[in-house]
Structure formats: C-alpha cells, structure tokens
Amino acid sequence: MEKIAIVTGAGGGLGSVIARELAADGYRLVLADRDAAAAEAAATTVEGSPVVVPADLTDAGEAQRLVDEVARRFGRLDVVVNSAGIERVHPLETTPEPDWDATMDVNVKAPMLLCRAAVPLWCEQGSGSVVNISSRAWLGGSANTSYASSKAALVGLTVSMAVELGPLGVRANAVAPSFVRTPFNQQRTDIADLDRMIERYTAFTPLRRLIEPIDVANAVVFLASDRARNITGEVLHVCAGAQLPPIP
Ligand SMILES: NC(=O)c1ccc[n+]([C@@H]2O[C@H](COP(=O)([O-])OP(=O)(O)OC[C@H]3O[C@@H](n4cnc5c(N)ncnc54)[C@H](O)[C@@H]3O)[C@@H](O)[C@H]2O)c1
C-alpha cells in the first residue's frame, strides 16, 4: 500500500529536503507551498512522481482543498509535516500587530487548519502521523517575540493533538531545529553580517557546529515512521545542543 505524505512549505530550504527524504523512505509526496515555482523546483529533487499543490495554507478553504485533493487522488493521508513558516523580526516593544498576526497565521493557524481538515480521513483509516516544525526559539525565546510565541504555540498544538487524536491512532510530534542556513535566514534584514552571526552562534553551541537541513529531515522521517509508533507529544530538539545554554 502506497503511503501518502503532505509537506507544507515544501519549496523551502528545510521543506524541500524533508520531502526528498520522506520520498526516499517510500512515501508518495504532496508538496504544498504558496510559492508554486519553489514547490515545482523542489519536486524535481523528489523521487516517485510527487504532486504539487500551490496553496496559501492560512486560508481554511485552501487547506480543505489540499486535503480534498489528497483524498480524491489517494483516499488516504499518512503523514503531515507542517514546515511552512515565517519570521518577522522585532523586539516586543516595537512589534507591529500585522506582523504578529501574520506570524501566528502561518506558524500556528495554518497547521491547525490543515490537521483539522484531515481528521475525517484519519478517523476512517485509524492512523496518521503529524510532525510540526517548531524551533529552538520555543524554549529559549529570542529577541523576536512573535516568532518565539508562535513556535511555543505550535508545541501546544502538537501536544493537544497528541492527546486528542491519540485514541484515533494518530500521533503528533514536533521537531525544534536551531539555526540552519536556508533562505529563511539569508533574507533577514536584521542580521548585518550573517557569517559573523553564525560564528557567534556556533561558539555557544555545545557541539560547536551548525545543524543542516538533512539533520532536520532525518528526525522528521523517524518521527513520521512506524519506528516511532509509540512516540507522541514529544519535541525533538535538533540543535547540536544549542537548546541547552542561553544565547550569550
Ligand atoms: N531555517 C532555520 O534556521 C530554522 C530554524 C528553526 C526552525 N525553522 C522553521 O522551519 C520551517 C522551514 O524553514 P525553512 O528554513 O525551510 O524556511 P524557508 O523560508 O526556506 O521556507 C518556508 C516555506 O514556507 C512557505 N510558506 C510561507 N507561508 C506560507 C503559507 N501561508 N502557505 C503555504 N506556504 C507558505 C514559503 O513559500 C517557503 O517556501 C519554518 O517553520 C521555520 O520557522 C527554521
């Protein structure tokens, strides 16, 4: 039986590698992203005829359309990886409400909408696995209130789903990565010198190195799979230890 996995933000630096590695583990992939060109480009690196569904997943109708498309084509949904995310960098004192709302919409509401739409399918099949991409920031905070708050809320959503959907046979876990070199960070205007910032970051990281997209993908593939069949409601930090000390 073919197993089906949706990856949101599949056009992104992490989402594309997660999709590639899930396909290598045997899943048929559905790549969802509001950036259709990025998702199409990612599809060229994913084995096994992936399906691309362009969608802005902050819209409940688009989330429903994505699940309906999966149900129509495949009749089942085994894995949902919520990787779509944004970061609008501001300290609390100057956080604009529209940026707070946009961050919450993409990072928390969109995963909720997609999983909500998937519940009827999961009820029918009696199984499913969700992996939400949180961040080291959920635990340690950052000088970036809306992002850290959204990633902590995503952990709240994860544990709530683990409790509520567990009796249906559905597991929910989160992966919390530390800083990864992807377009997500390269476009940040608050970091004047990215190389210098990375030097400082690795200096306080216990393993003295940055993590890479493949590290996140390996954790996701494990948590999604039956190898983690009795793991639910967990947050797996993929941080080379950077979740442990405070950022100096
Ligand atoms: N890169 C890092 O350092 C880092 C560290 C920790 C956590 N994360 C988290 O990992 C996830 C992936 O990060 P990335 O580095 O791949 O980022 P990225 O910017 O490379 O990719 C994010 C993708 O999400 C898509 N997206 C944004 N809003 C969307 C929406 N409303 N609907 C559908 N798609 C949407 C974008 O088009 C983009 O392709 C994010 O949730 C991010 O918060 C990243």
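Of the 248 residues in the protein chain, 51% are counted as buried, where buried means under 20% relative accessible area, exposed means over 50%, and partly exposed lies in between (1.4 Å probe, protein chains only). The model on the screen is predicted: local features need pLDDT of at least 70, side-chain atom pairs count only at pLDDT 80 or more, and totals for chains, interfaces and linings use all residues. Residues are numbered from 1 along each chain as its sequence is written, and side-chain values use heavy atoms, with hydrogens and water left out.

**Stop 1: the whole chain**

Select the protein chain and display it as a cartoon. Its secondary structure amounts to nine helices and seven strands; helices (H or I, at least four residues) and strands (E, at least two) are DSSP runs, numbered from the N terminus. Along the principal axes, the C-alpha atoms fill a box of roughly 50 × 35 × 35 Å. A compact globule with 248 residues would have a radius of gyration near 18 Å, and the 17 Å of the protein chain agrees with this. That radius is taken over C-alpha atoms, and the globule rule is 2.2 Å times the number of residues to the power 0.38.

Next, consider the contacts, a contact being heavy atoms within 4.5 Å. Among contacts in the protein chain with a separation of 6 or more, 70% are accounted for by residues 24 or more positions apart.

Now switch to a surface display. The accessible surface of the protein chain is about 11,100 Å², and 52% of it belongs to carbon and sulfur atoms; such areas come from the Shrake-Rupley method with a 1.4 Å probe, and for residues only the protein chains shown count as cover.

**Stop 2: residues 3-178**

Select residues 3-178. An unreviewed UniProt entry annotates this span as "domain: Ketoreductase"; UniProt positions are given in the numbering used here, feature names are shortened, and annotations may be inferred rather than shown by experiment. The span is 49% helix and 20% strand, and its end C-alpha atoms lie 29 Å apart.

**Stop 3: helix α1**

Select residues 15-24, which form helix α1. Eight of the 10 residues in this helix are buried, so α1 is largely enclosed by the rest of the structure. The buried residues are G15, S16, V17, I18, A19, E21, L22 and A23. To see what they pack against, add the strands β1 (3-8), β2 (27-33), β4 (79-82) and β5 (128-133), together with the helices α2 (36-43) and α9 (213-224). Following α1 is G26, with a positive phi near 110°.

**Stop 4: A36 in helix α2**

Select A36, which lies in helix α2. A36 counts as partly exposed because its relative accessibility is 31%. Add D215: A36 and D215 are 179 residues apart in sequence, and their C-alpha atoms are 25 Å apart in space.

**Stop 5: E87 and T182, two loop residues**

Select E87 in the loop between β4 and α4 (97-125). With a relative accessible area of 18%, E87 is buried. Draw a distance from its C-alpha atom to that of S146: the two residues are 59 residues apart along the chain, and the separation is 7.9 Å.

Move to T182, in the loop between β6 (170-177) and α7 (183-186). T182 has 7% relative accessibility and therefore counts as buried. Leaving aside residues up to four places away in sequence, T182 touches G13, L14 and P213.

**Stop 6: R208 and A240, two positive phi values**

Most residues other than glycine have a negative phi. Select R208, which is not a glycine but has a positive phi of about 55°. R208 is placed in the loop between α8 (194-204) and α9, and it counts as exposed because its relative accessibility is 55%.

Then select A240, in the segment after β7 (235-238). Its phi is near 50°, again a positive value in a residue other than glycine. A240 is buried, with a relative accessible area of 13%.

**Stop 7: G233**

Finally, select G233, in the loop between α9 and β7. At 24% relative accessibility, G233 counts as partly exposed. Show V159, A162, A172 and N173, which G233 touches when residues up to four places away in sequence are not counted. For a longer view, add D105: the C-alpha atoms of G233 and D105 are separated by 22 Å, and the two residues are 128 residues apart along the chain.
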